[in-house]
Amino acid sequence: MTSQNKIFLEALKRENNQARVPIWLLRQAGRYLPEYMEVRKNYSDFFEMIKKPEVCNELTLQPLRRFPLDAAITFTDILTIPDAMNLSVEFIAGKGPVFENSILKDRSLRLSSKQAIQKLDYVFEATKMIKSNINVPLIGFTGSPWTLLVYMFYGQSPSDKSLIKSFIQSDSNIAHSHLKELTVIIQEYIAEQVKAGAECIQIFDSWGGMLEEEYSEFSLSYINQIAEQLPNDIPLILYTRGKILADFLEDTKIKCFNLDCADVVDNYIDKDLTIQGNFDPKDFHLSDAELIEKAKGIKAKFFNRANYVFNLGSGITPDIKPEKVDLFLAELSGFSS
Ligand code: CP3
């Protein structure tokens, strides 16, 4: 079934001809919503919760019930793939994800691709269920090979970046072989999400910013392989944190970018690209009057752009009040100025 509200997909193809900015939010579901916490309290383990397709369905729909959003994103996580490769992941409050094993602890750690895709069936089941319940496009997603390798290397969110930098220099063959293995699984993973109903895919290269001149070799080249394998009618959006993407446009055919908070939309918007992101979620702490002014400014600047999507430069954090998001989006989504 194709979506009724197509403004987001049209913008991704640089064909939005409505005088309105399409909207979705990075991490639009999650702990800032009381209705999420209501569901979350029933599970001690995050993975136990996301392995239930009916729960993923409910959590995906929660922000759509509240806000004027033009896209849904499957409620799951980028760490589903390491979990399916037998690197058991636990979420520890205040620390984030922690893996039982890591490349840092054991250089000869082997990834297990065998049957990984079958173990991810719960994501595809959730995708199908969500798709049958929404009238906006559904975004499927994955971590990039590099970002997943970073988690597998450190066994948690990275601390000292020199550790992985010396690993990719001294053991570059091993690093490339892990990245290749991850690329193959990611290609299958997103193909299955598309089969199940995802209409576009976002790749989270959340740790791409750890790389400098090695970015193309260790991250972007694998993302390019993933992009090349996707059917032409499925747009791919790249989110890279901590990297000015303008420096790498020559190295990729990707056309849709989710900019982080530090990048500058004006440097891209006149090119043959679609730009989303950049809004700092900390701005949701501004006063109501300031937020309305911000929304008016964005609306005035981008309402007639064929290639702009409103989004954030990083995920919403638990300290944000949903009422502030509501106020801001009500202004931004309206036609009047
Ligand atoms: O609506 C949505 O966007 C929610 C779906 C979603 C989650 N994670 C749910 C989640 C998405 C798109 C992600 C992506 C994700 N996960 C990224 C890329 C985006 C980014 O911010 O760079 C990354 C790096 C992860 C890895 C991850 N998952 C971390 C570091 C953590 C712990 C820190 C945190 O933000 O809580 C998670 C757990 C997680 N994933 C939660 C949610 C709602 C919170 C878990 C809980 O409720 O206890």
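This is a short walk through one protein model and the ligand bound in it. Keep in mind that the model is predicted.

Let's start with the ligand. Where does the ligand sit? It sits in the largest pocket. Which elements give two or more residues to the shell around it? They are helix H2, residues 34–40, and strand S3, residues 96–99.

Now the shell itself. There are 21 residues around the ligand. Of these, Arg 31, Tyr 36, Arg 40, Asp 77 and Ser 206 come nearest. What is the mix of residue types in the shell? Twelve are nonpolar, four are polar and five are charged.

Next, some individual contacts. Two of them come from the backbone. In Ala 29, a backbone N or O atom lies 2.8 Å from an oxygen atom of the ligand. In Gln 28, a backbone N or O atom is 3.2 Å from a ligand oxygen atom. Arg 241 brings in its side chain: a polar atom there lies 3.2 Å from an oxygen atom of the ligand.

How much of the ligand does the protein cover? On its own, the ligand has 860 Å² of accessible area, and the protein covers 88% of that.

Last stop, helix H10. It runs over residues 172–196, which makes 25 residues. How far apart should its ends be? At 1.5 Å a residue, H10 should span 36 Å. Its end C-alpha atoms are 36 Å apart, so the model agrees with the expected span. Then look just past the helix. Right after H10 comes Gly 197, with a positive phi of about 130°.

Methods: Residues are numbered from 1 along each chain as its sequence is written. This is a predicted model: local features need pLDDT of at least 70, side-chain atom pairs count only at pLDDT 80 or more; totals for chains, interfaces and linings use all residues. Side-chain values use heavy atoms; hydrogens and water are left out. Helices (H or I, at least four residues) and strands (E, at least two) are DSSP runs, numbered from the N terminus. The expected span of a helix is 1.5 Å times one less than its number of residues. A residue is near a molecule or strand if one of its heavy atoms lies within 4 Å of it. A polar contact is a pair of N or O atoms within 3.5 Å; within protein, one must be able to donate a hydrogen and the other to accept it, and residues adjacent in sequence count only if both atoms are side-chain atoms. Accessible areas come from the Shrake-Rupley method with a 1.4 Å probe; for residues, only the protein chains shown count as cover. On a 1 Å grid over the protein atoms alone, a cavity is a set of points where a 1.4 Å probe fits but cannot get out, and a pocket is an open set with protein on both sides within 12 Å along at least five of seven lines; lining residues have an atom within 4 Å of a point. A molecule sits in a cavity or pocket if more than half of its atoms lie within 2 Å of its grid points. Ala, Val, Leu, Ile, Met, Phe, Trp, Tyr, Cys and Pro count as nonpolar, Asp, Glu, Lys and Arg as charged, and the others, Gly among them, as polar.
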